[in-house]
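Q: Let us read cysteines and cavities together. Please show the model.

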Amino acid sequence: MSAVLPSSASLYDRVRRVIPPIEWPLFVEDIDAILKLKRQRNAVILAHNYQTPEIFHCVADIVGDSLALARKAMTVDADIIVLAGVHFMAETAKLLNSDKTVLIPDLEAGCSLADSITAEDVRLMRQRYPSVPVVTYVNTSAAVKAESDICCTSSNALAVVKSLGAPRVIMLPDEYLAKNIAAQTKVEIIAWKGRCEVHERFTAADIRELREAHPGISVLAHPECPPEVVAEADFAGSTAAMSDYVARHKPARVMLMTECSMSDNVAVEHPDVDFVRPCNLCPHMKRITLRNIRTALEENRHVVTIDPRVADRARWAVERMLFV
């Protein structure tokens, strides 16, 4: 471990259960450079729960699910925000911090859900269902948010739908999230056909096979999974809710049906829990690396900008969500 520099040595103790010793020297130089650059530039790093452990536990200042990052972004005391996540998250951070520089380390870090719908699609839905309120998942572009009445995350989607007091609600763009919320309320949910390329691949058969191989295992599913998967799981909730479940219940063995790095990040906090990891990888989240976070801070890449005419309306939809 001679390659571990003093400023990063203590960090390895935190992640040694999920990062092998042979890999750690590959990260040390970038970690130390990022820690120094953050101080020099008065920058903070916001990292989603799907980021790899060397990012999530070693350089991030604020971590969480989409809702937590949106809320905490409003309180950031820094000149620069680096969003270690996908592009719609960086746009949301910019909407809530119009006076700050927001950087996304890789412009190609996208999202299958965000790509599944456009602002024009939302306008057409409004024409088809006049006067029906539109709830838009945060996994969308700022342009789509601008056409919405209110945003939601997987953490607060049910509360947002109920808050509208309407008999019918359009919920975009995640078909499975909409169906899973519809099962919990009498409100009629009109869904779009978007799906998360990570969560749509899980099946109920996967859970049954998992239980056969690991008797007594607790299975936690993200609500972007198909409804039949949610029905088979022991618990369904956002990434934050899954993490809280593990902390409260301390299952002996658990499977998180979501993106791969989530299990690694939660495992760091719970060394006494056995995590079974047949997971699905998000190629977009994995475009964010220590190296391009470092480059973002060194070269001011890539600055997130939003058309002011779009930003004002999109900001209203996001801020309305935060007060539900």
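Q: Is Cys-196 buried or exposed?
A: Buried means under 20% relative accessible area, exposed over 50%, partly exposed in between (1.4 Å probe, protein chains only). Cys-196 has a relative accessible area of 10%, so Cys-196 is buried. Cys-225 is buried too, at 0% relative accessibility. This is a predicted model: local features need pLDDT of at least 70, side-chain atom pairs count only at pLDDT 80 or more, and totals for chains, interfaces and linings use all residues. Residues are numbered from 1 along each chain as its sequence is written, and side-chain values use heavy atoms, with hydrogens and water left out.

Q: Why is Cys-196 not bonded to Cys-111?
A: A disulfide is a covalent bond between the sulfur atoms of two cysteines. The cut-off is a pair of cysteine sulfur atoms within 2.5 Å. The closest cysteine sulfur to that of Cys-196 is in Cys-111, 6.5 Å away, which is too far for a bond. Cys-225 is in no disulfide either; its nearest cysteine sulfur, that of Cys-196, is 8.1 Å away. The structure holds zero disulfides.

Q: How many cavities of 30 Å³ or more are there?
A: On a 1 Å grid over the protein atoms alone, a cavity is a set of points where a 1.4 Å probe fits but cannot get out; lining residues have an atom within 4 Å of a point. Grid points are joined across faces, edges and corners, and a volume is the space filled by probe spheres set on the points. The structure holds two such cavities. The largest has a volume of about 280 Å³. Its lining has 29 residues, with His-48, Tyr-50, Met-89, Asn-139 and Glu-224 closest to the centre.

Conventions:
On a 1 Å grid over the protein atoms alone, a cavity is a set of points where a 1.4 Å probe fits but cannot get out, and a pocket is an open set with protein on both sides within 12 Å along at least five of seven lines; lining residues have an atom within 4 Å of a point.
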